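Student: I would like to learn how to read a structure of this kind, one feature at a time. Could we look at it together?

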Protein chains: 2
Amino acid sequence: MKEFFRPKSIAVIGVSREENKIGHVIFKNLLEAKFKVYPITPNAQEILGVRCYSSVAEVKDNIELAIICVHQSLVMSILEDCNYMKIKNVLIISSGFSEVGNVKAEEELKEYTTKNNIRVIGPNCLGLYDAYSNLDCIFIPKEKLRRPNKGGVSFVCQSGALGGAVLDLLASKHVGFSKFISYGNAVDINESDLLQYLNKDKHTKVICLYVEGIKNPEKFFNICKKIKKPIIVLKGGLTEKGSKAAMSHTGSMAGEKEVFYGIFDQLNLVRVDSLEQMFDVAMLFDKEIKLKGNKILVLTNGGGFGIISADGIELSKNLKMTELSLNVKRRLWKELPPTVNIGNPLDIVGDANDERYKFALENVMNDKNVDCVLVIVLYQTPTLDEKVLEVIAKFNKKPMILVATGSNPEYLKNLNLVSFDFPEKAISALDKLVGYYNKR
Amino acid sequence: MKEFFRPKSIAVIGVSREENKIGHVIFKNLLEAKFKVYPITPNAQEILGVRCYSSVAEVKDNIELAIICVHQSLVMSILEDCNYMKIKNVLIISSGFSEVGNVKAEEELKEYTTKNNIRVIGPNCLGLYDAYSNLDCIFIPKEKLRRPNKGGVSFVCQSGALGGAVLDLLASKHVGFSKFISYGNAVDINESDLLQYLNKDKHTKVICLYVEGIKNPEKFFNICKKIKKPIIVLKGGLTEKGSKAAMSHTGSMAGEKEVFYGIFDQLNLVRVDSLEQMFDVAMLFDKEIKLKGNKILVLTNGGGFGIISADGIELSKNLKMTELSLNVKRRLWKELPPTVNIGNPLDIVGDANDERYKFALENVMNDKNVDCVLVIVLYQTPTLDEKVLEVIAKFNKKPMILVATGSNPEYLKNLNLVSFDFPEKAISALDKLVGYYNKR
């Protein structure tokens, strides 16, 4: 399946001269990423300085991947051309199949590609994006849909628009990606195949999965059982109304919540309640935050945030507020001003500066009673500014999560820190992470 | 109590020449806001071009509000000067009282001000901010802590740093404010007094309250019963660990979750689970979104977001997915392309343009089966850009909430729309709002 992500040569079928048309955008993306790419169209001699071919049959090269962007009515004849040229990997962007009730066309497509051993992603999908190979088949221009940078998150998503919107948002939040795959109606390659592939992908550290239905539950179960990487899953169509909508969206049988949840829990998939939480948790896995226990220490320069965090941790499923060791407490008592509250939360109060954060972190990181530090930084106080994050970022002896309300994301992106705006979000993401490791 | 927010003349006591010192920042803020303000310090003749006085006793004017920024050890003698000059309203920023165990000093302060009928906000607080009168006693420069624009949200907050961090964040999200009050240790004026005052404040549409303890539960109960405006409350110190931390933060007895929740529910206060949710809900009240029922219609150009929203609504406490009337459905069937899914969610699919949004909204807004429309706009699709929001913003026949993932907040701020990044957040905020109106 690597030909879908690192093809040696590509044909884009249905490339228009018009800049905003699907085929044009994809062709341009691939050209800019320096792929060997052939534009196929009978309506132009040359597009963006590249010679056009009226059919793949004219191309004197081994095409590893064909990307089909033509009208639904033309897809079958294009597939015949592809088969004639022995093209074995096809991404079908074109829509107009089962999702609009055109079940017959989809069955025909499926039958033909199965018989001829053609592997298919799609139809009715947004395409693929690989931050490492620079393969970018997303048909929305970069000005409208920003692409995320390199990282360890891969996102498998049945829905195209949802995937695109999320990708755009995550790019602005500097969540690093490996691969994004919108697989649409899944006539051939489905979520199970993609999970299996991503399990072997060296850049993927965590897999995010938005599914409406599972095409082949037995296969899904058997593949997931073997996957060593964390899988975070959000299921669309949990309720009757949602499930009905899923039917007309990707033709998926969404089915009962309890059944899905039972399977997910058995497989130790990380179930999330929202898209936002999905990527909050993914960020933690991406930064390889791995807890050996559940004992959390809250370090803060604001009392209120400390209290809210203590409540959140105590009310969570898997986390516990720790008690600092007596020798660590003694050292803190000795060196810190009397206004500081030595305990958990460790409230180093409103006049804390970089030095005080450093001293506190040095000590709590060395405490055997601490598995993870939740560091709260409110740098609206007079004695701090964003530079304190550079001091904090140097500590790596134990896992650490940052809550820095009102941070500039541009400033944060170069520091290897996981940062949240609000403590509640940090805690619920951490809770999911610890739940995952507890069950392994 | 209006002298705290619209004083005719102010003395700032403890103004340093140093730009980042508390007194200096406050003095500068007030000067820039064109208040009649007297800097009090024995150490300078003139600061920012204004003549300094060594004591309030030297000022030949009626001072309506004194703001005390001196060291704790000097507070009592300053209060005596204030009393001598018949100053009746005092804001004490200075810390070093019960929150650090100095209970005696706090009792002395309380006794003296009670005896002499001096009203006090503080000590140990961040101060006040009024977006309408421009009174700004927050001692953090605007470059470090952005101030929100005018609006209908007032935020009463015992914790200073928490309040400041949230204010800064909300300013960047364009949540409009009336008043922000950080009231610290509350020796005199407490949450109950402030709620009573805000109930009469014409600019305040919704009150957000972060409390650790309630100073006088009976008074709180009786005042809240009379308040007509929605109060959204977040309680710090719900758990044992959180409660213990609250004790050393604002000296509050935080106490048992069930007791507080019982009282809050009886008073129809809107309980929220996180700071973020507090302001999500506040935004809805600020925009005067008021539902007469709970029947929600989801309009979307992305199937996945529609499905997630349908699930969220059906799983919520107070909301229901509605069924469009037959005559509205017929009209939509007749005019919209066959790819559109007429139902709820009403999925006008990936090639929806401004016109299609307009047509769909016109029709669903007129449907008696619809109480509120959740409008999802994924403008990463080829046929849309942010301008569609201008079309959407014109509809006001029924309440409407927007989910526009990846929006530019700068673009949104001039449109009178409530917008969320993710459907789950919009739905949980709306659920709280409907819960509030159901119980009235």
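**Reading the sheets, a helix and the contact between chains**

Tutor: Let us begin with a sheet in chain B, where six strands form an open sheet in the order β8-β10-β9-β11-β12-β13, with mixed pairing. Its edges are β8 (127–130) and β13 (270–271) of chain B, each of which pairs on one side only. Keep in mind throughout that this is a predicted model.

Student: In which sense do strands β9 and β11 of chain B pair, parallel or antiparallel?

Tutor: Strand β9 (residues 150–157) and strand β11 (residues 206–211) of chain B pair in the parallel sense, over five bridges. To place one strand against the other, take B:V153, whose bridge partner in β11(B) is B:V206. Packed on this sheet is helix α9 (residues 275–286) of chain B, which touches β9, β11, β12 (231–235) and β13 of chain B, and whose direction makes about 165° with that of β11(B).

Student: Which faces of strand β6 in chain A are covered?

Tutor: For a strand, one looks at the residues on each side in turn. Both faces of β6 (residues 89–92) of chain A are covered, since A:N89 and A:L91 on one side are buried, as are A:V90 and A:I92 on the other.

Student: How many bridges link β6(A) to strand β5 of chain A, and through which helix does the chain cross from β5(A) to β6(A)?

Tutor: Strand β5 (residues 65–68) of chain A pairs with β6(A) in the parallel sense over three bridges, and A:I68 stands opposite A:I92 in β6(A). Between these strands the chain passes through helix α2 (residues 72–84) of chain A, in a β-α-β crossover that is right-handed. Three bridges also join β6(A) to strand β7 (residues 119–121) of chain A, the two running parallel, with A:L91 opposite A:I121 in β7(A). Here the chain crosses through helix α3 (residues 103–115) of chain A, and this β-α-β crossover is likewise right-handed.

Student: Why is A:Y436 called buried?

Tutor: One counts neighbours, and the cut-off for a buried residue is 20 or more other C-beta atoms within 10 Å. A:Y436 is buried because 22 other C-beta atoms lie within 10 Å. This residue sits in helix α15 (residues 423–438) of chain A, and, leaving aside residues up to four places away in sequence, A:Y436 touches A:P230, A:N268 and A:V270. The C-alpha atoms of A:Y436 and A:L269 are separated by 7.7 Å, although the two residues are 167 residues apart along the chain.

Student: How many residues of helix α4 in chain B are buried, and what do they pack against?

Tutor: Helix α4 (residues 160–172) of chain B has 13 residues and reaches 19 Å from its first C-alpha to its last, close to the 18 Å expected at 1.5 Å a residue. Eleven of the 13 residues are buried, so that α4(B) is mostly covered. These buried residues pack against β9, β10 (177–182), β11 and α9 of chain B, together with α10 (303–315) of chain A. After the helix comes B:H174, whose phi is positive, near 60°.

Student: How many residues does each chain bring to the contact?

Tutor: The size of an interface is often given as the accessible area lost when the parts come together. Here we count residues instead: the contact takes 60 residues from chain B and 58 residues from chain A. On the side of chain B that touches chain A, α4, α7 (240–250), α9 and α10 (303–315) of chain B each supply at least two residues, and α10(B) gives the most, with ten residues. The residues on that side divide into 23 nonpolar, 26 polar and eleven charged.

How values were computed. Residues numbered from 1 in each chain as written. Chains lettered and ligands numbered in written order. Predicted model: local features only at pLDDT ≥ 70, side-chain atom pairs only at ≥ 80, totals over all residues. Pairing = 2+ DSSP bridges. Helix = DSSP H or I, 4+ residues; strand = E, 2+ residues; numbered from the N terminus. Contact = placed C-beta atoms within 7 Å. Axes fitted to C-alpha atoms, helices over the stretch in contact; angles between N-to-C directions. Buried ≥ 20, exposed ≤ 12 C-beta atoms within 10 Å, placed from the backbone. Right-handed = clockwise from strand over helix to strand, strands pointing away. Expected span 1.5 Å × (residues − 1). Nonpolar A, V, L, I, M, F, W, Y, C, P; charged D, E, K, R; others polar.
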